[in-house]
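Here is a colleague's note to read beside the structure. Keep the 3D view open and find each residue as it comes up.

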Amino acid sequence: MKQRFLRNWYFLLVIGILLLQLIVFLIAGEAHTFIGVHDNLDIHITDYKLLKDNNAFFSQGKTIPLLGGIDRNFLLSEFYAYSWLYMILPNFAAYIVGYFLKILIALFSGILLGKDILKDKYEKYKWAVVLFSFIYGLLPLYPAFSFSFASLPLLIFIIRRLKSTGKKIYYLLAFLYPTLSYFTFFGPFILGYIFIYFIYLWVKEKKINFRIFVAMILMSASYILIEYRLFALIFGSGQATIRDTMVIDDLSASEILHSIFNVFVNNIFHCEDLHRVVVLPLFIISFAAINLGHIKRKEYRQLCIDPFNLVFLFIVGNCIVYGLYNNHAVRTLFEKLVPPLKGWQFNRTIFFNPLLWYVEALIAMIRLSDHIASQESNKNRLSAILPFVPKALTIIVLLSVIGTQSLYNDFFNTCYVNTWEAFNGQKSETLSYGDFFSTDLFEKIKKDIDYKGEYSVAYGFHPAVLSYNEIATLDGCLSYYYQSYKDSFRNVIAPSLSESEEARNYYDDWGARAYIFSGSDYGIWNPARTVNVDDKRLLIDKSAFEQLNGKYVFSRIEISNEDEIGFKLIGEYSDANSPYTIWVYSL
């Protein structure tokens, strides 16, 4: 029994880390779990709460009390697996369950793919496949679409098995796979890459591979069925959206090259895979060793077909596409070829790079293991230690992922902030999940003002806090809504935009955050325990606010010009369990 445990040490490591993380989140709870706010708590997690509070997951033609009342079709589809968690569970529980499920999806998918590729050699490299699949699942990638990232190895497995066996079960899995994905971020790219593979097989085998062709059709149909709401808006609404007017930076050639290099090294915050910490140095060393070996042995053809190099080219290609997105000519050509996708970010090919970087690390560790094994006949003092080097390096990669701060590294952030608070004997400026939403405080406010669903705005904090607490908002964050509302809301915030060029450019050129701006403190909504501002004026147009049926302003700042703009203070509210002091104003 002991020998069996020792042979499966990597599974013990996986289980141990998962149990540790589960214990931490259970002990921390909502009050002490620190979850990334940006593009997470401030939008998607709140959107799920809105759908649940309004019984709107499956509703048709329903208005959601966000951005002055928006069609339910603008929010996420009910047919994505990640959405099901929020239908069934309370929001915080759904988020934590989703965190662990994405790890298990990545682990399960990686093992399946590893077995399929390595076949008889799988047992030899099982430790590496398991650990790197686990590491991939731990990566702090965009939480709302974490299943999309985690399931990519499963997709590759399905396509490989479909090609080799043609069994009906794999056609079914290909059709169901998009429930784990997300069309806008991944769908077109996945279908595009499968199409390229289809063309490759056609050229190589000189015949059409109908299995792959049928898989493309099934997956396309599935994405369309899942995203029926999105396609109804794109092709049926006849109205312009903010995507039509978004201004995208046009970079110079040198700036594009810098952008390509930057994402090659760092990736972007939505998929900050932390490869720069350990994996990139390992890659550089491995790339040199592998290719110098090919050159030394005069294996020049291997330079072109070595899987390690092919994956590298894939990574570079995705980085180049990311950079070229900021070239006006390239972007204009794309929009002319596919007019309905104007404003769509085709540079999201970069979302595939986290998987590719850790595939490179896996290949490098397998090659290193093979090289060490081939040197066993050369006995020396290090012979007994060398076989452990690939395993040690893999554990270092694992620790680099767990132990590096990043926006969505919820486990690290929770451990770090709680430890900091314990050692310093004071609260951090970082807000926990419970702090951010402060449900007890807003329940008290709603009861005191006899809130009846009137439209409101937030000042000095994210309007998602109001939405989460079932307060209807004129403001909000959404990357896709009608341009007509953006124009109407602009009338409300025109006084602040006239004073702040930064805010004006931010709203006019993008507009996904329809927020109440300050005339002097840009980003006044940033979540922090304390708010210190010198300019306490509220710069909004009262008549435009009234035209949108607004009534209340919930503010973290005691407004200095309430009489001048025609608002009156109703009350000042605070709560022992909340970092906020909220001043409520009414017309």
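1. Does aspartate 535 count as buried or exposed? Aspartate 535 counts as buried, because its relative accessibility is 13% and buried means under 20%. Keep in mind that this is a predicted model.

2. Now look at the partner of aspartate 535. Its side chain meets that of arginine 537 in a salt bridge, at 2.9 Å from N to O. Arginine 537 has a relative accessible area of 28%, so it is partly exposed. This pair therefore joins a buried residue to a partly exposed one.

3. Why can such pairs form? Side chains of opposite charge can pair when their charged atoms come close. The structure holds 21 salt bridges. The next points take up a few of them.

4. Start with arginine 513 and aspartate 42. They form a salt bridge, and their closest N and O atoms are 2.8 Å apart. Arginine 513 lies in strand E5 (residues 513-514), while aspartate 42 is in the loop between H3 and helix H4 (44-53), so the pair ties together parts that are 471 residues apart in sequence. Try tracing the chain from one residue to the other.

5. Both partners are buried. Arginine 513 has a relative accessibility of 1%. Aspartate 42 has a relative accessible area of 3%. A third residue belongs here too: Asp39, Asp42 and Arg513 are linked in a network of salt bridges.

6. Stay with aspartate 39. It sits in helix H3 (residues 37-41). It is buried, with a relative accessible area of 11%. Its backbone deserves a check as well. Most residues other than glycine have a negative phi. The phi of aspartate 39 is positive, near 55°.

7. Which other residue here has a positive phi near 40°? The residue is serine 438, and it is not a glycine. Serine 438 is in the loop between helix H22 (433-437) and helix H23 (439-449). With a relative accessibility of 4%, serine 438 counts as buried.

8. Next, compare a salt bridge between two helices. Aspartate 508 pairs with arginine 490, with the closest N and O atoms 2.8 Å apart. Aspartate 508 lies in helix H26 (residues 501-509) and arginine 490 in helix H25 (residues 483-499), so this pair ties together parts that are 18 residues apart in sequence. Aspartate 508 counts as partly exposed, at 26% relative accessibility. Arginine 490 also counts as partly exposed, at 27%.

9. Where does valine 465 lie? Valine 465 lies in helix H24 (residues 464-468). Its relative accessible area is 0%, so it is buried. Set aside its neighbours within four places in sequence. Valine 465 is then in contact with Phe436, Phe437, Phe442 and Tyr580. Isoleucine 395 is another matter: it is 70 residues from valine 465 in sequence, and the two C-alpha atoms are 39 Å apart in space.

10. Finish with the strands. How many bridges join strand E7 to strand E8? Six bridges join E7 (residues 568-574) to E8 (residues 581-586), and the two strands run antiparallel. They form a hairpin, with six residues between them. For one bridge pair, find lysine 568: its partner in E8 is serine 586.

Notes. Residues are numbered from 1 along each chain as its sequence is written. This is a predicted model: local features need pLDDT of at least 70, side-chain atom pairs count only at pLDDT 80 or more; totals for chains, interfaces and linings use all residues. Side-chain values use heavy atoms; hydrogens and water are left out. Helices (H or I, at least four residues) and strands (E, at least two) are DSSP runs, numbered from the N terminus. Buried means under 20% relative accessible area, exposed over 50%, partly exposed in between (1.4 Å probe, protein chains only). Two strands pair if DSSP finds at least two bridges between them. Contact means heavy atoms within 4.5 Å. A salt bridge is a side-chain nitrogen of Lys or Arg within 4 Å of a carboxyl oxygen of Asp or Glu.
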